Amino acid sequence: HVLEYLAGTVDLGITYHGRDEVLGMNKNKLIASVDSDLGGCGIDQKSTSGFVVMCNGGAVSWKSRKQGVQSTATMQAELYAADLCGMELLLLRDLMGEFGWRQGCVRVMEDNAGCVQVAHGQRDSPKTQHFRRCQMSVEEMCNQGKIWLDDVPGEENWSDIFTKSMKDSRGFRKLREVIMGVTPVVYISRGVESMMRTNGVNPNANKLLRDVADWLAGDEE
């Protein structure tokens with residue numbers, strides 16, 4: 001299957017975009033997606049972490065790696081993955097700053113609500129004590145304004161294809177085309193929608209964001 005896929009995608013490559021009408025306020029800005037399965041390895045029941053970092057409509061860094069320990073809950077596996085992604089983003093933030101493109105708080109799309117709440121200190125539980133160090137690492141990156149985890153649906157989480165096989169070929173192609181820059185779409189989550197309602201939209205926002213802002217304005221009327 002792997003060889004068949006490679007043979008059928010010889011001409012597929014990553015496309016980066018530079019036009020303001022496509023990128024708008026996302027130009028030269030990092031955005032990431034992170035995910036993990038739970039005990040996906042049939043041999044030792046270890047989970048797989050996956051993340052992808054995007055810039056200017058295409059992937060600039062990605063990883064799919066089996067975790068070193070067994071996770072007993074999805075939130076635990078997701079936090080291990082978020083920590084791995086966060087460490088990569090710290091490096092890339094510094095690198096982008098050296099290029100003259102200083103990064104603010106980088107958005108990291110995550111499809112596990114419990115992980116998002118724990119990362120932002122909104123939830124604490126005795127069940128997290130055995131991976132407290134990883135939890136504190138992610139929480140510190142969020143508290144320092146380095147990253148923020150944004151709760152998104154699983155079907156909109158790009159890194160989903162790095163952690164598990166996808167039975168829905170259409171869903172796979174959709175996420176692949178976003179990662180490869182074929183369709184540079186930025187998903188509007190509830191968190192982003194809330195910020196847009198509160199702060200308005202940058203006039204340089206791309207067409208997708210402007211359309212959503214217009215839709216929200218009409219909805220309020």
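User: Why is Phe-172 called partly exposed?

Analyst: Its relative accessible area is 24%. Buried means under 20%, exposed over 50%, and partly exposed is in between (1.4 Å probe, protein chains only). Phe-172 falls in between, so the label is partly exposed. This is a predicted model, in which local features need pLDDT of at least 70 and side-chain atom pairs count only at pLDDT 80 or more, while totals for chains, interfaces and linings use all residues. Residues are numbered from 1 along each chain as its sequence is written, and side-chain values use heavy atoms, leaving out hydrogens and water.

User: How many aromatic pairs does the structure hold, and what makes Tyr-5 and Phe-172 one of them?

Analyst: There are three aromatic pairs. In the pair of Tyr-5 and Phe-172, the centres are 6.1 Å apart and the planes make 75 degrees. Rings of Phe, Tyr and Trp (its six-membered ring) pair if their centres lie within 6.5 Å; planes under 30 degrees apart count as stacked, over 60 as edge-to-face, the rest as tilted. Both criteria are met, so the pair is edge-to-face.

User: Which parts of the chain does this pair tie together?

Analyst: Tyr-5 belongs to α1 (residues 2-8) and Phe-172 to α6 (residues 169-179), so the pair ties parts that are 167 residues apart in sequence. Helices (H or I, at least four residues) and strands (E, at least two) are DSSP runs, numbered from the N terminus. Tyr-5 is partly exposed at 35% relative accessibility.

User: What makes Phe-99 and Trp-101 an edge-to-face pair?

Analyst: Their centres lie 6.1 Å apart, with 70 degrees between the planes. That angle is over 60, so edge-to-face applies. Phe-99 is exposed at 52%; Trp-101, at 38%, is partly exposed.

User: How do you know that the buried residues of α6 line one face?

Analyst: Gly-171, Leu-175, Arg-176, Val-178 and Ile-179 are buried in α6. Viewed down the helix axis, they fall within an arc of 160 degrees, so they line one face. The arc is taken from the directions running from the helix axis to the C-beta atoms. These buried residues pack against α1, β2 and β3. Just after α6, Gly-181 has a positive phi of about 85 degrees.

User: Why are β3 and β5 called edge strands?

Analyst: The open sheet has five strands in the order β3-β2-β1-β4-β5, with mixed pairing. β3 and β5 (147-151) each have a single partner strand, so one side of each has no neighbour in the sheet. Neighbouring strands are turned by 20 degrees against each other on average, direction ignored.

User: How do you know that β1 and β2 pair?

Analyst: Seven bridges join β1 (residues 30-36) to β2 (residues 48-55), and the two run antiparallel. Two strands pair if DSSP finds at least two bridges between them. Seven satisfies that, so they pair. Val-53 in β2 is the bridge partner of Ala-32. Helix α3 packs on this sheet, touching β1, β2, β3, β4 (106-110) and β5, and its direction makes about 160 degrees with that of β1. Axes are lines fitted to C-alpha atoms, for helices over the stretch in contact, and angles run from 0 to 180 degrees between N-to-C directions.

User: Why is Gln-67 called buried, and what makes its link to Ser-36 a polar contact?

Analyst: Gln-67 sits in the loop between β3 (58-66) and α3 (74-98). Its relative accessible area is 7%, so it counts as buried. Its side chain is joined to that of Ser-36 at 3.3 Å. A polar contact is a pair of N or O atoms within 3.5 Å; within protein, one must be able to donate a hydrogen and the other to accept it, and residues adjacent in sequence count only if both atoms are side-chain atoms. The 3.3 Å distance is within the limit, so the label fits. Gln-67 also touches other residues (contact: heavy atoms within 4.5 Å), including Lys-46, Thr-48 and Tyr-80.

User: What makes the phi of Asn-28 and Asn-56 worth a mention?

Analyst: Most residues other than glycine have a negative phi. Asn-28 has a positive phi near 60 degrees, and Asn-56 one of about 55 degrees. Asn-28 is in the loop between α2 (20-23) and β1; Asn-56 is in the loop between β2 and β3. Asn-28 is buried at 15%, and Asn-56 is buried at 16%.

Technical notes
Lists of a residue's contacts leave out its neighbours within four places in sequence.
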